[in-house]
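Welcome! Open your viewer, get comfortable with rotating and zooming, and let's take a short walk together.

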Amino acid sequence: LIDKGQAEHSVITTCAYCGVGCSFRAEMKGQDIVRMVPNKDGHANHGHSCVKGRFAIGYATHPDRITTPMIRAKISDPWRVVSWDEAVAHVASEFKRLQGKYGKHAIGGITSSRCTNEETYLVQKLVRAGFGNNNVDTCARVCHSPTGYGLKATLGESAGTQDFDSIRATDVVLVIGANPTDAHPVFGSQMKQRLRAGAKLIVIDPRRIDLVRTPHIKADYHLRLSPGTNVAVLDTLAHVIVTEGLVDEAFVAQRCEPEAFAKWRAFVSQEKYSPEAMESVTGVPADVVRGAARLYATGGNGAIYYGLGVTEHAQGSTSVMAIANLAMATGNIGREGVGVNPLRGQNNVQGSCDMGSFPHEFPGYRHVSDTTVRQSFEEAWGVPLLGEPGLRIPNMFEAALDGSFKGLYIEGEDIAQSDPDTQHVTAALTAMECIVVQDLFLNETAKFAHVFLPGSSFLEKDGTFTNAERRMSLVRKVMEPKGGYADWEITQLLANAMGYPMNYTHASQILDEIARLTPTFHGVSFEKIEALGSVQWPCNDEHPLGTPVMHVDEFVRGKGRFMLTEYVPTTEKASSEHPLILTTGRILSQYNVGAQTRRTANVMWHDEDRLEIHSHDAEERGITDGDWVGIVSRSGETVLRAVVSERMQPGVVYTTFHFPGSGANVITTENSDWATNCPEYKVTAVQVTRVTQP
Ligand code: SF4
């Protein structure tokens, strides 16, 4: 364990792993962290923590850290260490050359949910004002972009409705496509506390996650659906609620658009959405769906928590809207104990979306075509801005392959490992002429880069993160940046070299600018967050101390809007060639592509991704526990070790994606959400066979 004796001073900061956003006291001895102590005054964690936040910080000082800028003419050349001045001048000159030769839309930028709000804001400002286009996107594209779309369309705001503590007043917890005990451990514990105290539990998940049966907790209903049928299940729940007269008519009449509700009522009443009719599609017995629907609608305060098992589908946005429909129909929104709550995977998914890093939106989710909003940014930034959305990440890849997109600035995101259909991604990266990777390590994407700029860990900078409950907390510098600069300072250097001046001297000035330009954040500042400990947005004149629960008297959009959520089966289907469906998830000790946790010895008790397979499917293939298995999809193939497990249902296999060697994304497909292009990571048809050790 990391323990270097007596601390000399301590600094309160925020965990940089998951979207719970736990507060920690970093106890320091000079530039060394002696230990990380969970902060008992932390509003999201109340003194609790998980193994990652407490112990998995060794990556920040790992010898793999690259601390000097490097450039190379071709990706087959060796890297050449250069000064910051040379690296920044080279990037600016290359980007200008590409824009001169191919047009101003030939370059773009990708931000990361790992970075602070201020850093994300600055990248989108660099792209919009410095590059002169809207080709900016974020890694939230591949996780929670459907949340933004679905909640905005129905409720009017692209964010969760509640604070975590709200669960203390919940009577029925509905968890769909999320595994909080592994992926959001501190909130998962809070949830378990409430369940042990008597709250009822509905789990909708193809896999038997821990919550389904764990000491003193047993789910009242586990809807073990076939992967890809979330919308069908949600519509059958709605069907039961409507046809059995369980709608909260008073709430709907007062709070929702009547015409949209009438259409939705007729839509979900159709016989094709009855649990009996849908049983063969979803695989969930009709009586289980009926029981779950009755419990959610009549069991008291019902709160829905969901994760990437909802969003990472071809109908991810539709599922989010179907969830919001259920909450509105039952009046489970706008007070303590209820609501619709996306569990954000990374520390700053919420913030990275809030800060305008999607190609179609300025900070605060305002469309770039809105002339009034655009003018306010033009006045503040001193340049004309474009009113048409730019390229999303998948569009950038397409444009690279057709020869019109040539340069990319990537801050803190390993797209070569984390985006689906690796072969497609790497072909696109290879087709570009100048890729700039700003990161801690030479990651998979850096193999295709022409410039590497050493980024900074969360321990090396000031700023803010926004967690899954819209809570903005301070990130504080506890040690000097290993490469010399915080990430926002590097973006500023690039902007100045490109000819667009930026002159911030501290991250708080960036937050002040965000607050000035974005009504949701008008009342936010470093000083206020410091004084209050944290602030949940909206924070402005109307809500000077922030907003734990949204949509209390009316929805952000005025009246809530029911959306029709037609179930459309995914095109990815099991076949004789690929008879099993692969789905993916996380484990507690590892984190995303593992860049940090793999470099922290004290949480390395899982050292490889494995394939969970049901005993029936394993036996059929002569596979026993620990065997090596080949997994083949229509996109590619990989080899993993098998775990024979009754957690899976027959016909469905499961793996994690924490280790680059195993390449889960080599086999995932190019399918994506119809509204946002969020990849369909959760449904891949595969064949699995026993192989000899690779
Ligand atoms: Fe960090 Fe999430 Fe663990 Fe809290 S629950 S310590 S935020 S990884």
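Which residues are buried in H9? Keep in mind as you look that this is a predicted model.

**Stop 1: helix H9**

Select residues 258–269, which form helix H9. Now colour Phe-261, Trp-264 and Val-268: these are the buried residues of H9. They cover an arc of only 65° around the axis, so they sit on the same side of H9. Turn to the other side of H9 and you will find Pro-258, Glu-259, Ala-262 and Ala-266, which are exposed.

What covers the buried residues of H9? Add helix H7 (230–243), helix H8 (249–255) and helix H13 (316–329) to your selection, since the cover includes these three.

Try a quick check with the distance tool. At 1.5 Å a residue, the 12 residues of H9 should span 16 Å, and its end C-alpha atoms are 16 Å apart, which agrees.

**Stop 2: the nonpolar cores**

Next, select Val-173, Ile-202, Leu-237, Ile-323 and Val-436. Of the 167 residues in the largest nonpolar core, these touch the most other members. Zoom in on Ile-202: leaving out residues up to four places away in sequence, Ile-202 touches Val-172, Leu-174, Ala-219, Asp-220, Tyr-221, Ala-292, Leu-295 and Tyr-296. A second, separate core has 21 residues, including Ile-613, Val-629, Val-653 and Val-683.

**Stop 3: around the ligand**

How many residues surround the ligand? There are 14, and the closest are Cys-15, Tyr-17, Cys-22, Cys-50 and Gly-53. Show helix H1 (51–55) and helix H6 (185–196) too, as these are the elements that give two or more residues to the shell around the ligand. If you colour that shell by residue type, you will get eight nonpolar residues, five polar and one charged.

**Stop 4: two single residues**

Select Gly-100, in helix H2 (residues 84–102). Is Gly-100 buried or exposed? Gly-100 is exposed, because only 10 other C-beta atoms lie within 10 Å, and a residue counts as exposed at 12 or fewer. Draw a line from the C-alpha atom of Gly-100 to that of Arg-641, 541 residues apart along the chain: the separation is 50 Å.

Finally, find Arg-208 in the loop between strand S9 (200–204) and strand S10 (213–214). Arg-208 has 17 other C-beta atoms within 10 Å, which makes it partly exposed. The C-alpha atoms of Arg-208 and Tyr-305 are separated by 16 Å, with their positions 97 residues apart along the chain.

How values were computed: Residues are numbered from 1 along each chain as its sequence is written. This is a predicted model: local features need pLDDT of at least 70, side-chain atom pairs count only at pLDDT 80 or more; totals for chains, interfaces and linings use all residues. Helices (H or I, at least four residues) and strands (E, at least two) are DSSP runs, numbered from the N terminus. The expected span of a helix is 1.5 Å times one less than its number of residues. A residue is buried if 20 or more other C-beta atoms lie within 10 Å of its own, exposed if 12 or fewer, and partly exposed in between; C-beta atoms are placed from the backbone. The arc is that of the directions from the helix axis to the C-beta atoms. Two residues are in contact if their C-beta atoms, placed from the backbone, lie within 7 Å. A nonpolar core is a set of buried Ala, Val, Leu, Ile, Met, Phe, Trp, Tyr and Cys residues joined through C-beta atoms within 7 Å. A residue is near a molecule or strand if its C-beta atom, placed from the backbone, lies within 6 Å of it. Ala, Val, Leu, Ile, Met, Phe, Trp, Tyr, Cys and Pro count as nonpolar, Asp, Glu, Lys and Arg as charged, and the others, Gly among them, as polar.
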